[in-house]
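Hi everyone, thanks for making time for this one. I'd like to walk you through a model, so please have a look at it while I talk.

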Amino acid sequence: MSRPRILIVGAGISGLALAKALLDRGLPADVVERRSHDSQALGAGLYLPANAVRALRSIGVGDEIAELAAPVGRQRLLDHRGRRLAAFDVARIWGEVGPCLAITRGELHQVLRNAVYDATVRHDTAVTEVGQDGKVTFADGATRAYDLVVGADGINSAVRRTHFGGPEPRFLGQVCWRFIADDTTIPGITDWTARLGDRGRTFLTVQLGDGRVYCYADVNSASPTAPEGDWRTLFADFAGPVPRLLEQGEQAHFAALRESGNTVWTRPGVALIGDAAHTFSPSMAQGGAMAIEDAVVLADSLGTTADVSAALAAFQIRRGERVAWVVSQNHRRDKARNLPTFLRDFTLRRAGERMFKANHAPLHTLP
Ligand SMILES: Cc1cc2nc3c(=O)[nH]c(=O)nc-3n(C[C@H](O)[C@H](O)[C@H](O)COP(=O)(O)OP(=O)(O)OC[C@H]3O[C@@H](n4cnc5c(N)ncnc54)[C@H](O)[C@@H]3O)c2cc1C
């Protein structure tokens with residue numbers, strides 16, 4: 001049988017990882033991306049837990065990633081004044097799954113883009129609709145048919161909206177800011193450290209190497225819009241390096257955190273992967289990992305059978321339970337962070353490492 005004609009909508013983490021994984025199996029795909037070639041990847045840094053790094057290794061980009069990324073061996077949880085609540089040796093906990101890393105989004109995108117050779121990605125090309133007959137409509141009005149269309153087009157996926165319908169992602173009651181700071185003159189920033197305040201406030205620092213640190217701050221909010229005034233005043237009572245890092249956070253990226261409720265990711269000839277399929281809280285930093293794992297599993301399913309329908313059915317079965325686990329663990333973690341402060345601190349001091357291990361245990365197995 002001839003190779004299926006495959007369209008990947010979106011050249012983000014999941015779309016590019018899928019394009020590479022398919023190329024490895026002799027299945028080249030068309031990739032379209034609505035943004036221009038030289039636009040920067042949105043966002044700042046990414047923490048890549050060991051299962052994400054393993055999935056990147058499996059598509060042959062592990063060495064390039066490891067060269068650019070910084071290793072994360074430990075995670076520390078402190079209160080907002082800097083007092084220790086818990087610390088985990090993540091390298092030991094993940095064991096043979098491999099190292100955890102931190103990288104900028106721009107660098108991760110660049111490695112993935114290079115891996116699929118720029119020529120296969122068509123930029124400035126948006127998909128506006130995937131009809132019930134599977135026909136794809138582009139923003140310039142052109143239409144085309146494929147054997148398989150994969151929506152890798154993120155949280156506001158046009159493929160999901162127009163072909164699958166279902167609920168729009170719901171606001172999770174938290175808003176966040178992200179930026180990369182220069183920490184060459186700020187001592188004591190290592191690995192991954194989250195400082196927890198009241199009202200669900202978190203200030204996270206993740207060492208990126210080369211004098212750069214990824215800063216992420218979030219807070220509970222009744223509204224998905226940015227609060228009035230300078231956001232940095234919300235974290236003014238945080239101690240340690242936070243005040244000096246905040247001085248560099250004026251241009252931080254703002255986002256409202258959302259979760260999607262759709263659990264059907266395949267229809268005949270159409271599939272969703274990454275954030276288009278499942279968006280959830282970044283509490284476990286598993287969004288990128290699940291996106292890359294989706295790509296690997298979908299390519300694997302398509303590589304083992306020439307029957308696209310059978311491959312899609314296998315993909316849905318292999319991914320459903322694992323993603324549902326991550327969503328449920330995010331819910332538990334988000335609930336724990338909103339406990340009264342003394343109870344949250346007591347729980348983390350007593351059971352933090354046990355909880356961390358339990359959250360991640362099923363993710364040690366291959367997807
Ligand atoms: C605040 C925050 C922090 C996070 N931190 C982490 C972390 O530390 N570690 C981690 O692993 N994950 C993290 N995540 C999750 C992670 O960022 C996402 O899960 C991941 O980026 C999803 O990748 P994706 O390729 O599916 O979607 P995206 O990265 O959104 O890519 C979608 C692509 O599709 C393109 N596109 C959209 N619509 C169309 C269209 N109609 N036609 C053509 N192209 C289109 C977009 O321009 C984009 O390039 C975080 C998420 C948030 C919100």
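Let's start with the shell around the ligand, keeping in mind that this is a predicted model. Helix H1, strand E3, strand E13 and helix H8, residues 287-304, each supply at least two residues of that shell. Which of them gives the most? That is H8, with four residues. There are 32 residues around the ligand, and the ones that come nearest are Gly10, Gly12, Gly274, Gly287 and Gly288. By residue type, the shell divides into 18 nonpolar, eight polar and six charged residues.

Now stay with E3 for a moment, residues 45-48. Is E3 covered on one face or on both? Both faces are covered. Gly45 and Tyr47 are buried on one side, while Leu46 and Leu48 are buried on the other. As for its pairing, E3 runs antiparallel to E7, and four bridges join the two strands. If you want a place to look, find Tyr47, which stands opposite Ala102 in E7.

E3 and E7 also lead us to helix H5, residues 105-115, since both strands are among the elements that cover its buried residues. That cover also includes helix H1 (13-24), helix H3 (62-68) and strand E8 (121-122). So which residues of H5 are buried? They are Arg105, Leu108, His109, Val111, Leu112 and Arg113. As a reminder, an α-helix has 3.6 residues a turn, so residues three or four places apart point the same way. Just have that in mind as you look at the list: Arg105, Leu108 and Leu112 are among the buried residues. After H5 comes Tyr117, with a positive phi near 55°.

Next, the other shell strand, E13, which takes us to a sheet. This is an open sheet of seven strands with mixed pairing, in the order E6-E5-E14-E15-E16-E13-E17. The edge strands, each pairing on one side only, are E6 (84-89) and E17 (253-259). On average, neighbouring strands here are turned by 20° against each other, direction ignored.

At the E17 edge, E13, residues 170-182, pairs with E17 in the antiparallel sense over six bridges. What is the bridge partner of Trp177 in E17? Phe254.

Over at the E6 edge, please find helix H10, residues 341-360. H10 lies across E5 (74-79) and E6, and runs at about 10° to E6.

That's my tour, and I'm happy to go back to any part of the model with you.

Conventions. Residues numbered from 1 in each chain as written. Predicted model: local features only at pLDDT ≥ 70, side-chain atom pairs only at ≥ 80, totals over all residues. Buried ≥ 20, exposed ≤ 12 C-beta atoms within 10 Å, placed from the backbone. Contact = placed C-beta atoms within 7 Å. Pairing = 2+ DSSP bridges. Axes fitted to C-alpha atoms, helices over the stretch in contact; angles between N-to-C directions. Near = placed C-beta within 6 Å. Nonpolar A, V, L, I, M, F, W, Y, C, P; charged D, E, K, R; others polar.
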